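The following exercises concern charged side chains and their pairing in a protein model. Please work through each task before reading its solution.

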Amino acid sequence: MEDEIPLLGEFVRSSIDFKGRPSLRSNSGCWNSASFIIGFEMAERFAHYGISSNLVSYLTGKLGLSTATAAANVNVWSGTTSLTPILGAFIADSFLGRYRSVIVASLLYVLGLGFLSISAGLNRFESSQSTFHIIFFFFALYLVALAEGGHMPSLEAFGADQFDEEDVNERESKSSFFNWWTFCLCFSVLVSLLVMSYIQDNLSWELGFGIPCIVMFLALIVFLLGSGTFRFRIKSDEANPFVRICHVFMTAAKNWQASPAVVSQPHEGSHFRFLDKALLEPTDPEGISGVCSINDVEDAKAILKLLPISLTCLPYAIIYSQSSTLFTKQGATMDRYITASFQIPAAALQSCIAASIVLFIPIYDRVLVPIARAINQQPSGISMLQRIGTGVLLSSISMTIAGFTERKRLATASEYGLMDLPDVTVPMSVWWLAPQYIVLGVAESFTLIGLQEFFYDQVPDELKSMGLALCFGVTGIGNFLSSFLIYVVDKTTSNGHGHESWFSDNLNRAHLDYFYWLLASLNAISLALYIYFAKSYVYKHRRVTTSH
């Protein structure tokens, strides 16, 4: 009997399999493929937090750096890991493709982790740190940061590529993909925080860096074994997408004196009409030649439309960065004993964020989304912009709670006469901080996941990795803005006339409560602007079919 020839509808449009054949819907993509990809990213997050969560301890202990220098190095490295995805996404979308970018970046990742482990081993044979050892360590550390830039946006975009956006059922699954992606990653972060910090503090740093290296290597092998199930997007024959979009802006600039009346109206509406001038032949005969297509102009408009949403989410990113800095400083002054002999680290409360995400996402995906989907008939339940805005609102609530909790801590310190005794524990349980962590974790479930889905969905098809990189860039810029804002507030509030800075080393004389409320107010203003831009935002139109 001859083999049955698949019907045309059984193929996924614009996708091929690992061998270059049209992808069959029945045996490629969806959750079967996504499970390999999510598992790989869980290993990467395990490795990342296995380094970052205790990095300051290694710098101050093994390398002998001062606390201030070590903290500055950690902040710079963390900001770098949030911004290198822009470079990685450019390479993936323009040259290598997502799959190959993930493999190359992962090999660099394993190499960097291996170098870190070797660097820790060298420490055993040196009584004092040599210049070579320090340079070698930081080379390995920034090799990991570079590798993360190629790994994070490409792998997440590749995972979302496994769901056909033109099929209504798979489109619903793609919306859930971003939820379960974050759920699994937070579970991996919890394991890493609990396991790796113990190994590094109590066993050895060689193991502390070596285990993430082994985990990443094994995860890469498993990922490669799943290659036969993956869907690969067919690369467009058009020019490099970055070149095409830059051409639009340059051509529009050349034609800036042209009257809008002579430009035919593109199909996406009246946003950014000045770019419509790119549809005309440039007036400068020695300049850029060739008009731009309507599709190129609309792709350029799609990128510009993301900017107001990105900018109005920056205050949220500033708020989120407080969870690993000022929240921890608060906790360090409070009663952290669980039993008479066991005291939890102040930084351990960061796990409340991951735990709240792990608990909330199943409720959101399995309860709230189906209810909302039944009411408004949207595949994602609520729109992506509604989801982002909800998280922004919750982050302001978290800061408000944090301010009142800090006011309570200051009142307790005053009541027990501890205002000038910063090294004495304030008799107030550290669990008072749990609500602000938990609300911030729920806010992340809305805003950060919503931003990932939004940027992936709304950028041109050839720039999916770049869309996710821009999302990571928002959080990275938020970290840098947080440092700048703290610097400005510190200089402004310490006027040299006997007034303590809001960030005084003696937290019992400081006013973190004022700073938290300042952030809540700035975020509320930003939320109003966000709502204004979100209401006028026009979503990208897609053809949707139903699979049988």
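**Exercise 1.** In this predicted model, determine whether Arg244 is buried or exposed, and identify which parts of the chain its salt bridge with Asp299 ties together.

*Solution.*
Step 1. The relative accessible area of Arg244 is 8%. Buried means under 20%, so Arg244 is buried.
Step 2. The partner, Asp299, has a relative accessibility of 16% and likewise counts as buried.
Step 3. The two side chains meet in a salt bridge with an N to O distance of 3.7 Å. Arg244 belongs to helix α8 (residues 241-254) and Asp299 to helix α9 (residues 294-312), so the pair ties together parts that lie 55 residues apart in sequence.

**Exercise 2.** Establish how many residues apart Lys301 and Glu298 are, and in which helix they lie.

*Solution.*
Step 1. Both residues are in helix α9, 3 residues apart, which corresponds to about one turn of the helix.
Step 2. Their side chains form a salt bridge at 3.9 Å, N to O; the cut-off is 4 Å.
Step 3. Lys301 and Glu298 are both buried.

**Exercise 3.** Describe the pairing of Glu406 with Arg409, then place it among the salt bridges of the whole structure.

*Solution.*
Step 1. The closest N and O atoms of Glu406 and Arg409 are 2.8 Å apart, and the two residues form a salt bridge.
Step 2. Both lie in helix α13 (residues 384-415), where a spacing of 3 residues separates them by about one helical turn.
Step 3. Glu406 and Arg409 are both buried.
Step 4. Elsewhere, Arg25, Asp164, Glu170 and Arg231 are joined into one network by salt bridges that share partners.
Step 5. A search of the whole structure yields 18 salt bridges.

Technical notes. Residues are numbered from 1 along each chain as its sequence is written. This is a predicted model: local features need pLDDT of at least 70, side-chain atom pairs count only at pLDDT 80 or more; totals for chains, interfaces and linings use all residues. Side-chain values use heavy atoms; hydrogens and water are left out. Helices (H or I, at least four residues) and strands (E, at least two) are DSSP runs, numbered from the N terminus. Buried means under 20% relative accessible area, exposed over 50%, partly exposed in between (1.4 Å probe, protein chains only).
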